[in-house]
Amino acid sequence: LIAAQPSAVWDSLVSAEPVREPPGLVAWAGLAYPISGQIASPGPGAWRVGRFSTGLAHERITDWRPGEALAFEVLSQPAAMEEMSPYRRVHAPHVHGYFETAETRFTLRPAGNGYTRLTVEADSVLRMDPVLYWQPLARWAVRQNLHRVLQDVRSKAKRKGQGIAAPAPAIHSVAG
């Protein structure tokens, strides 16, 4: 729950302001994490560019309902991680295409007393064998990134003077 009206949470969700929450262990491990998002124009079919630690993701908005829902499909995305190396940049082919996010969906619901329930679902595909070995790490990284984004939305809404602290938003991710 976020202690703010859906309109304030929506404004924070679609803000082009960078994510201020620290990336934590995801960054330390060299895994990609979100930095910011920029929406070209409102509405279904519009373009969104997600800036990640490893590069840009190009996305198309599939659901745009202010104060209710935002969803986008990922058309192209940067590497899922940076190769750990003493060299500044390594363009290793094995870090491309093995983990991809297909769609991300944010849903906002009024929860009464000025609170909003914000949930996020991210559908991902893991193409790295053995899947049973890598899947827990992939799910952990997705959850960490989603939690970081949701915490940032909450902080932005709170900074706008929209309310008090509330329990953490819900996260649902699918990687596999």
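**Salt bridges, nonpolar cores and helix packing**

Arg60 has a relative accessibility of 31% and therefore counts as partly exposed. This value, like those that follow, was computed from a predicted model. Glu73, at 26% relative accessibility, likewise falls in the partly exposed class. The side chains of Glu73 and Arg60 form a salt bridge, with an N to O distance of 2.8 Å. Glu73 belongs to strand β4 (residues 69-76) and Arg60 to strand β3 (residues 55-65), so this salt bridge ties together parts of the chain that are 13 residues apart in sequence.

The overall architecture comprises 3 helices and 7 strands. Read from the N terminus, the order of elements is α-α-β-β-β-β-β-β-α-β. Of the 176 residues in the chain, 39% are buried. Among contacts with a separation of 6 or more, 55% are between residues that lie 24 or more positions apart.

In total, the structure contains 9 salt bridges. One of them joins the side chains of Glu17 and Arg159, at 2.7 Å from N to O. This salt bridge connects distant parts of the chain, since Glu17 lies in the loop between α1 (6-13) and α2 (25-28), whereas Arg159 is in helix α3 (residues 131-159), 142 residues apart. Both side chains retain some accessibility: Glu17 is partly exposed, with a relative accessible area of 27%, and Arg159 is also partly exposed, at 43% relative accessibility.

A further salt bridge is formed by the side chains of Asp63 and Arg105, with 2.8 Å between N and O. Here too the pair links distant parts of the chain, with Asp63 in strand β3 and Arg105 in strand β5 (residues 99-112), 42 residues apart. The two partners belong to separate accessibility classes. Asp63 has a relative accessible area of 12% and is therefore buried, the limit for that class being under 20%. Arg105, with a relative accessible area of 26%, is partly exposed. Asp63 and Arg105 are also members of a salt-bridge network that includes Arg65 and Glu68.

The interior was examined next. The largest nonpolar core consists of 26 residues, of which Ile2, Val9, Leu13, Leu70, Phe106 and Leu118 touch the most other members. Two or more residues of this core are supplied by each of α1, β3, β4, β5, β6 (115-126) and α3. The greatest contribution comes from α3, which gives 7 residues. A second core, separate from the largest one, has 5 residues, including Val26, Leu31, Tyr33 and Ala141.

The surroundings of Leu70 bring together several residues already described. When neighbours within four places in sequence are set aside, the contacts of Leu70 are Trp10, Leu13, Val14, Ile61, Asp63, Trp64, Thr104, Arg105 and Phe106. Leu70 is thus in contact with both partners of the salt bridge between Asp63 and Arg105, as well as with the core residues Leu13 and Phe106.

Helices α1 and α3 pack at an angle of about 120°, and their axes are 8 Å apart. At this angle, α1 is oblique to α3. The crossing of the two helices is right-handed. On the α1 side, the contact involves Ala8, Val9, Ser12 and Leu13, and on the α3 side Val153, Lys156 and Ala157. Val9 and Leu13 also appear among the core residues that touch the most other members.

Strand β6 contains Thr119, which is partly exposed, with a relative accessible area of 24%. Thr119 and Phe106 are separated by 13 residues in sequence and by 5.7 Å in space, as given by their C-alpha atoms.

Two features of the backbone were noted. Most residues other than glycine have a negative phi, and most peptide bonds are trans. Asn113, although not a glycine, has a positive phi of about 55°. Asn113 is located in the loop between β5 and β6 and is exposed, with a relative accessible area of 79%. Asp129 and Pro130 are joined by a cis peptide bond, with omega about -5°. Pro130 is placed in the loop between β6 and α3.

Technical notes. Residues numbered from 1 in each chain as written. Predicted model: local features only at pLDDT ≥ 70, side-chain atom pairs only at ≥ 80, totals over all residues. Heavy atoms only, no water. Salt bridge = Lys/Arg side-chain N within 4 Å of Asp/Glu carboxyl O. Helix = DSSP H or I, 4+ residues; strand = E, 2+ residues; numbered from the N terminus. Buried < 20%, exposed > 50% of the residue type's maximum accessible area, 1.4 Å probe, protein only. Core = buried A, V, L, I, M, F, W, Y, C linked by side-chain atoms within 4.5 Å. Contact = heavy atoms within 4.5 Å. Axes fitted to C-alpha atoms, helices over the stretch in contact; angles between N-to-C directions. Parallel < 35°, antiparallel > 145°, perpendicular 65-115°, else oblique. Left-handed = near helix turned anticlockwise from the far one by under 90°.
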